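Here's a quick walk through one protein model, with an eye on strands, rings and charges. Have the viewer open as you read.

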Amino acid sequence: MLQNNKAVRDEKVIDFTLANSNNLLLIFTRNPEIGKGKRRLAATVGDQAAFDIYKFLLAHTVAITKNLYAEKEVYYSEEIWENDIWDNQKFGKKLQIGEDLGVRMANAFQQGFQNEYQKIIIIGSDMLDLSQEDLEEAFKSLEKNDFVVGPAKDGGYYLLGIKKFLPALFKNKTWGTETVLKDTLADLKNETTALLETRNDVDYYEDIKDIDAFSPFLKHIKL
């Protein structure tokens, strides 16, 4: 079995820059509890469907990150869950600390750099429109750039990668609004920055209503 797994990995041909650098992936997640999280989506589809959709997105995030050639740390919003879909053998587990998203992200990045990681990328846990290859591309782009940003269609970003800590990135932002990307890119105007493809995250019913993967969760919707 081990030989088979090795063959699969060899066939994939791990990029030299990925295999020989100190990469860290931060995954920010909200503890999945019904009636909490995805409130804008739940306003249309209901609490149960929003809960089921979020768990579906979590499972997708596990699938695209578990084999990524990087250290991986899951940052929980409320409390660390030892026995859940995040395999303790593949994912480190930590708690988000700070009064807003900016402070929580800054603390996670700073801890990563203190632990001597060279390239650190952060993502959320609710992006269906994201693959392992996208994450590999993001890490590779940090070879020639100090920053990488994945723009979201709603004016935010779904990925941020950095090689050096820049405090301004995490301050003076109205988190969760359409100004976050613009303000972030303004902070990076004098930095070497790579932009990934614009992707759509899942906040509203309109984000998912025409995507086949979500149709099992929307059978009860009559709009």
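What follows covers the sheet, then the aromatic pairs, then the salt bridges.

## The sheet

One thing up front: this is a predicted model. Its sheet is open and has seven strands, running in the order 3-2-1-4-6-5-7 with mixed pairing. At the edges sit strand 3 (92–95) and strand 7 (193–195), each of which pairs on one side only. On average, neighbouring strands are turned by 20 degrees against each other, if you ignore direction.

For a look at one pairing, take strand 1 (residues 23–29) and strand 2 (residues 71–76): they run in the parallel sense and share six bridges. Within that pairing, Phe28 stands opposite Tyr75 in strand 2. Helix 6 (residues 132–141) packs on the sheet. That helix touches strand 1, strand 4 (119–123), strand 5 (147–151), strand 6 (157–162) and strand 7, and its direction makes about 145 degrees with that of strand 4.

## Aromatic pairs

How many aromatic pairs does the structure hold? The count is six. One of them is Phe56 with Phe217, a tilted pair at 5.3 Å centre to centre with 50 degrees between the planes. Phe56 belongs to helix 4 (residues 47–65), while Phe217 lies in the segment after helix 8 (205–208), so this pair ties together parts that are 161 residues apart in sequence. As for solvent, Phe56 is partly exposed, with a relative accessible area of 27%. Phe56 and Phe217 also belong to one aromatic cluster together with Phe214.

Now compare the geometry of Trp86 and Phe91. Why does this pair count as edge-to-face? The ring centres are 5.0 Å apart and the planes stand at 80 degrees, and planes over 60 degrees apart are classed as edge-to-face, so that label applies here. Both partners, Trp86 and Phe91, are buried.

## Salt bridges

By the rule used here, the model has 16 salt bridges. Are the partners in the following examples buried or partly exposed? Start with Arg39 and Asp47, whose side chains meet at 3.1 Å, N to O. Arg39 counts as partly exposed at 42% relative accessibility, and Asp47 is also partly exposed, at 34%.

The bridge between Asp84 and Lys93 has its closest N and O atoms 2.8 Å apart. Here the two ends fall into separate classes: Asp84 is partly exposed, with a relative accessible area of 26%, whereas Lys93 counts as buried at 15%. The cut-off for buried is under 20%.

## A buried link and a network

Which parts of the chain does the bridge between Asp134 and Arg199 link? Asp134 is in helix 6, the helix that packs on the sheet, and Arg199 is in the loop between strand 7 and helix 8, 65 residues apart. Their side chains meet at 2.8 Å, N to O. Asp134 is buried, with a relative accessible area of 14%, and Arg199 is buried too, at 9%.

Finally, there's a group to pick out in the viewer: Lys38, Arg40, Asp126 and Asp203 are linked in a network of salt bridges.

Note on methods: Residues numbered from 1 in each chain as written. Predicted model: local features only at pLDDT ≥ 70, side-chain atom pairs only at ≥ 80, totals over all residues. Heavy atoms only, no water. Pairing = 2+ DSSP bridges. Helix = DSSP H or I, 4+ residues; strand = E, 2+ residues; numbered from the N terminus. Axes fitted to C-alpha atoms, helices over the stretch in contact; angles between N-to-C directions. Contact = heavy atoms within 4.5 Å. Phe/Tyr/Trp six-rings, centres within 6.5 Å; stacked < 30°, edge-to-face > 60°. Buried < 20%, exposed > 50% of the residue type's maximum accessible area, 1.4 Å probe, protein only. Salt bridge = Lys/Arg side-chain N within 4 Å of Asp/Glu carboxyl O.
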